[in-house]
Structure formats: structure tokens, C-alpha cells
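Please look over the fold shown here. The report below covers its strands, cores and main pocket.

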Amino acid sequence: MSMKKGYKALVDEAMAQVKTYSVEEAKARLGNPDVQFVDVRDVRELEREGVIPGAYPAPRGMIEFWVDPDSPYFKPVFGEKKEFIFFCAAGWRSALTTKTVQDMGMENVAHIEGGFSAWKAAGGPVQEKAKKA
């Protein structure tokens, strides 16, 4: 089967249209009360690999519903006047996520180049995900 536009083209288009922070630029923003890191990885990835301290978990499959104030699934964190920095494992899903929320009208959004893998490799702070009781 031939795709009209494959994932690589979608990711490349997103990368060309969104703000991308290097790991060092993102690390400099960690702990800033005007910045919210958003982890779009699957819960199994969070449990296996750990999380960035203070990052809000928002699965990629729910993001459109969680950011839209008109959605019954809206999460109030996305209504706050903050910069939202999205990340995934490698930076592909977060690029697509950032483009999607930007297209929906969110401003002040970005993602991390290389994602959580690059963050971890650069010695960014990581903590274990708390298990549900």
C-alpha cells in the first residue's frame, strides 16, 4: 500500500511549523512557574523510563480533547496562561502534538528536540513514575 503522505512527511511538516527547544533550552525552563512540560508518551513508557519532574501526563491520543475547553474531557491545566512544552520519546509525536494544538489555536507552545531520550542522555532530571495504588 502506498501512502499519500507518510509519517516522515507529517513529522517534517510539523517540525517546520513549530518551535523546537534543544534539551539545554528546555532544561533552562524546568521549574519556571510560567512553563508546563507535557509528556505525551504512553503510560507504559512513563512507568518503564521515568518522567521529567513536574511534567503533566497527557496521552497523545487524547490531546485534542484535553486541550479544547468545549470538550467534556477538557483538562483545566490547558486553560492556564503558560508556555506548554510537549515531549515524547524521540520528538516525533511531540512535534505532531505541538502542531495540532497550535492549529487548534493554542499559542506559546513548543516541543523538545530528541524528546525524552535526548533529555535523559543529556543528564536532564528524571524521576520514577509513581505507581497507582
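What follows is a short tour of a predicted model.

**Strand β2 and its partners**

Strand β2 spans residues 35–39 and is mostly covered. Five of its five residues are buried. Val35, Phe37 and Asp39 point one way from β2. Gln36 and Val38 point the other way. In a regular strand, side chains alternate between the two faces of the sheet.

Two strands pair with β2, as the table shows.

| Partner of β2 | Residues | Sense | Bridges | Opposite Val38 |
|---|---|---|---|---|
| β4 | 83–87 | parallel | five | Phe86 |
| β3 | 56–57 | parallel | two | Tyr56 |

Val38 thus has a named residue opposite in each partner: Phe86 in β4 and Tyr56 in β3.

**Nonpolar cores**

Which residues touch the most other members of the largest nonpolar core? They are Val38, Ile63, Phe78, Phe84, Phe86, Val101 and Met106, out of 14 residues in that core. Helix α4 (63–67) and strand β4 each supply at least two residues of this core. The biggest share comes from α4, which gives three residues.

Val101 offers a closer view of the packing. Leaving aside neighbours within four places in sequence, Val101 is in contact with Ile63, Val67, Phe86, Met106 and Val109.

Apart from the largest core lies another, of 13 residues. Val23, Val35, Phe37 and Ala110 are among them. Strand β2 therefore meets both cores: Val38 belongs to the largest one, while Val35 and Phe37, which point the other way from Val38, belong to the other. In soluble globular proteins, nonpolar side chains tend to be buried together.

**The largest pocket**

The largest pocket holds about 250 Å³ of space. Its lining counts 14 residues, and the closest to its centre are Val67, Phe78, Gly79, Gly105 and Met106. Phe78 and Met106 are also among the core residues that touch the most other members. By class, the pocket lining has seven nonpolar, two polar and five charged residues.

**A lysine in helix α5**

Lys99 sits in helix α5, which covers residues 92–104. Is Lys99 buried or exposed? Lys99 has a relative accessible area of 19%. Buried means under 20%, so Lys99 counts as buried. Leaving aside neighbours within four places in sequence, Lys99 is in contact with Ala14, Gln17 and Val18.

How values were computed
Residues are numbered from 1 along each chain as its sequence is written. This is a predicted model: local features need pLDDT of at least 70, side-chain atom pairs count only at pLDDT 80 or more; totals for chains, interfaces and linings use all residues. Side-chain values use heavy atoms; hydrogens and water are left out. Buried means under 20% relative accessible area, exposed over 50%, partly exposed in between (1.4 Å probe, protein chains only). Helices (H or I, at least four residues) and strands (E, at least two) are DSSP runs, numbered from the N terminus. Two strands pair if DSSP finds at least two bridges between them. A nonpolar core is a set of buried Ala, Val, Leu, Ile, Met, Phe, Trp, Tyr and Cys residues joined through side-chain atoms within 4.5 Å. Contact means heavy atoms within 4.5 Å. On a 1 Å grid over the protein atoms alone, a cavity is a set of points where a 1.4 Å probe fits but cannot get out, and a pocket is an open set with protein on both sides within 12 Å along at least five of seven lines; lining residues have an atom within 4 Å of a point. Grid points are joined across faces, edges and corners, and a volume is the space filled by probe spheres set on the points. Ala, Val, Leu, Ile, Met, Phe, Trp, Tyr, Cys and Pro count as nonpolar, Asp, Glu, Lys and Arg as charged, and the others, Gly among them, as polar.
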